[in-house]
Amino acid sequence: MTDITAANNAYTNIFQMIETVDPRISHAIRQELTDQRDSLKLIASENYASLTTLLTMGNWLSDKYAEGTIGHRFYAGCRNIDTVEEIATEHAKTLFGADHAYVQPHSGIDANLVAYWAILSSRIETPTLNELHAKTVNDLSEADWGKLRHQLGNQRLMGMALDAGGHLTHGFRHNISGKMFEQRSYGTNPSSGLIDYGALAAAVKEFKPLILVAGYSAYPRRINFAWMREIADSVGATLLADIAHFAGLVAGKVFVGDENPVGLAQVVTTTTHKSLRGPHGGLVLCDQEYGEFVDKGCPMVLGGPLGHVMASKAIALAEARRPEFQMYAQAVADNAKALAAGLQRRGAKLVTDGTDNHLCLIDVATSYQLTGRQAESALLDAGIVTNRNSVPADINGAWYTSGVRIGTPALTSRGLTESDFDQTANLIDEVLRATKPVLGSNGGAHQAKYVIADGVAARVQAACNELLAEHPLYPELVV
Ligand SMILES: Cc1ncc(COP(=O)(O)O)c(C=O)c1O
């Protein structure tokens with residue numbers, strides 16, 4: 001438990017100090033706390049880290065350059081960063097039961113980049129160097145180096161389609177991963193919305209990727225990683241599990257056996273700030289054989305490590321090793337089920353007809369004849385923070401979308417229970433039923449403009465405030 005008096009004193013002092021330089025910054029930080037306290041936060045990728053985790057970031061480890069990894073730095077005087085990184089690594093390995101952990105990535109994107117380049121280094125670069133009897137890339141002739149660069153840039157990757165819930169970093173053109181790899185996507189079954197492992201196996205056999213990515217941002221179901229590994233092995237692909245969204249459910253032992261990718265996927269990447277409830281950042285877990293390559297993430301694709309954030313990761317990972325975290329993770333999943341059931345009982349259509357992880361995806365076009373953009377904005381007007389998201393074969397495109405994604409990690413951290421989530425479902429349904437698209441001059445429905453029936457937003461906002469008052473965020477913190 002965080003000592004609230006200590007945290008109160010710490011923040012009071014921090015704000016006093018910031019105010020002597022630029023009070024607008026301290027105002028924005030305070031305002032963010034007020035905004036977070038006052039909104040029903042259902043963004044599936046957000047959470048509330050403990051005050052200890054947050055406070056651990058404000059220190060002078062930030063001032064130290066420490067490129068390299070534990071005990072092998074390009075700078076002198078890194079012993080304290082070594083200590084911090086070693087402890088964070090130990091916590092990560094123990095928490096997830098992984099052979100190897102690398103805690104430097106600054107975010108989920110970085111973790112994926114580190115993983116991709118570790119796989120490329122291990123599977124493409126190293127065999128070429130061995131073949132040419134070269135110790136490092138510097139030993140290659142211009143011609144051989146040119147050939148190797150061409151090979152590195154011509155590998156294949158397969159990931160989940162964006163509108164099925166995949167992530168941009170899984171080989172899509174707007175992200176560097178799409179420029180690095182020749183990519184093909186796998187979708188979900190059009191009638192069930194579920195991953196079709198048989199179809200995926202056939203697609204993998206045909207495309208023969210070097211890397212198969214399993215993981216998602218907006219798929220409301222669990223993944224069978226044993227099956228994924230079998231599919232990857234059938235063509236000699238490396239399985240990379242991106243558990244950025246559901247790492248907390250893995251750490252909290254909700255996803256076990258075939259649903260736990262650690263030990264099944266050769267490489268696992270994650271963020272630390274979503275369901276894992278740590279500071280903003282990423283990490284990579286892997287089998288021993290990839291460890292030496294993953295550890296070269298800095299300076300391969302990362303700048304100098306953020307020592308202060310690694311310290312904070314160590315604290316959050318230590319917190320996640322406590323039994324309370326397993327109870328939290330189970331509550332996240334139970335609450336998502338209650339939220340989904342509450343919405344369905346009121347007539348909403350959910351992608352895959354439910355959830356068994358931490359999120360649900362409401363098909364607002366089918367359920368309420370709204371675009372995701374309209375639904376997201378109307379909910380925000382009533383104090384409910386969500387985000388719009390594509391649904392499979394989305395008729396409204398990636399900008400307006402037809403879905404709204406909602407998740408339970410943040411509000412579960414505030415202590416909301418299944419009955420609170422049923423009430424939340426009621427509030428969401430009330431707003432969306434009362435929202436109608438504005439008609440354009442041609443009589444067609446506008447994709448962004450909407451109206452909410454009089455009084456509904458204010459009534460729902462008042463109900464949200466009551467719910468939030470029962471579950472205060474960082475209670476007793478007065479800053
Ligand atoms: C599956 C997945 N991978 C990677 C990322 C990227 O994480 P970050 O925003 O920390 O770079 C996200 C973020 O939403 C994600 O959902």
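Guide: A residue is called buried if 20 or more other C-beta atoms, placed from the backbone, lie within 10 Å of its own, exposed if 12 or fewer do, and partly exposed in between. The model is predicted, with pLDDT of at least 70 required for local features and 80 or more for side-chain atom pairs, while totals for chains, interfaces and linings use all residues. Residues are numbered from 1 along each chain as its sequence is written.

Visitor: Why is Asn-112 called buried or exposed?

Guide: Asn-112 has 32 other C-beta atoms within 10 Å, so it is buried. Asn-112 lies in helix H5; helices are DSSP runs of H or I with at least four residues, strands are runs of E with at least two, and both are numbered from the N terminus.

Visitor: What is Asn-112 in contact with, leaving aside neighbours within four places in sequence?

Guide: The partners are Thr-169, Ser-177, Asp-242 and Thr-269, contact being C-beta atoms within 7 Å.

Visitor: Why is His-133 classed as buried or exposed?

Guide: His-133 has 7 other C-beta atoms within 10 Å, so it is exposed. His-133 sits in the loop between H5 and helix H6 (142-152) and has a positive phi of about 55° although it is not a glycine.

Visitor: Why is Tyr-474 put in its burial class?

Guide: The count for Tyr-474 is 20 other C-beta atoms within 10 Å, so Tyr-474 is buried. Tyr-474 belongs to the segment after H20, and its phi, near 45°, is also positive in a residue other than glycine.

Visitor: What span should helix H20 have at 1.5 Å a residue?

Guide: For the 15 residues of H20 (residues 456-470), 21 Å is expected, and the end C-alpha atoms are 21 Å apart, so the two agree. The expected span is 1.5 Å times one less than the number of residues.

Visitor: Which residues of H20 are buried?

Guide: Ala-457, Val-460, Cys-464 and Leu-468 are buried in H20. They cover an arc of only 80° around the axis, so they lie on the same side of H20; the arc is that of the directions from the helix axis to the C-beta atoms. The face turned away from this buried side carries the exposed residues Ala-462, Glu-466, Ala-469 and Glu-470. Elements covering the buried residues of H20 include helix H2 (23-38) and helix H19 (418-433).

Visitor: What makes the buried residues of H4 line one face?

Guide: In H4, Ile-81, Val-84, Glu-85, Ala-88, Thr-89, His-91, Ala-92, Leu-95 and Phe-96 are buried. Seen down the axis of H4, these buried residues fall within an arc of 160°, so they line one face of the helix. They pack against strand S4 (100-102), helix H10 (247-251), strand S10 (282-286) and helix H13 (307-320). Gly-97 follows H4, with a positive phi near 70°.

Visitor: How many residues of domain 1 are in contact with domain 2?

Guide: Contacts join 25 residues of domain 1 to 25 residues of domain 2. On the side of domain 1 that touches domain 2, H10 supplies the largest share, 3 residues. Domain 1 covers 60-320 and domain 2 covers 324-470, with bounds from an automatic or database domain assignment.

Visitor: What makes the bond between Cys-298 and Pro-299 notable?

Guide: The peptide bond joining Cys-298 and Pro-299 is cis, with omega about 10°. Pro-299 is in helix H12 (residues 297-300).

Conventions. Two residues are in contact if their C-beta atoms, placed from the backbone, lie within 7 Å.
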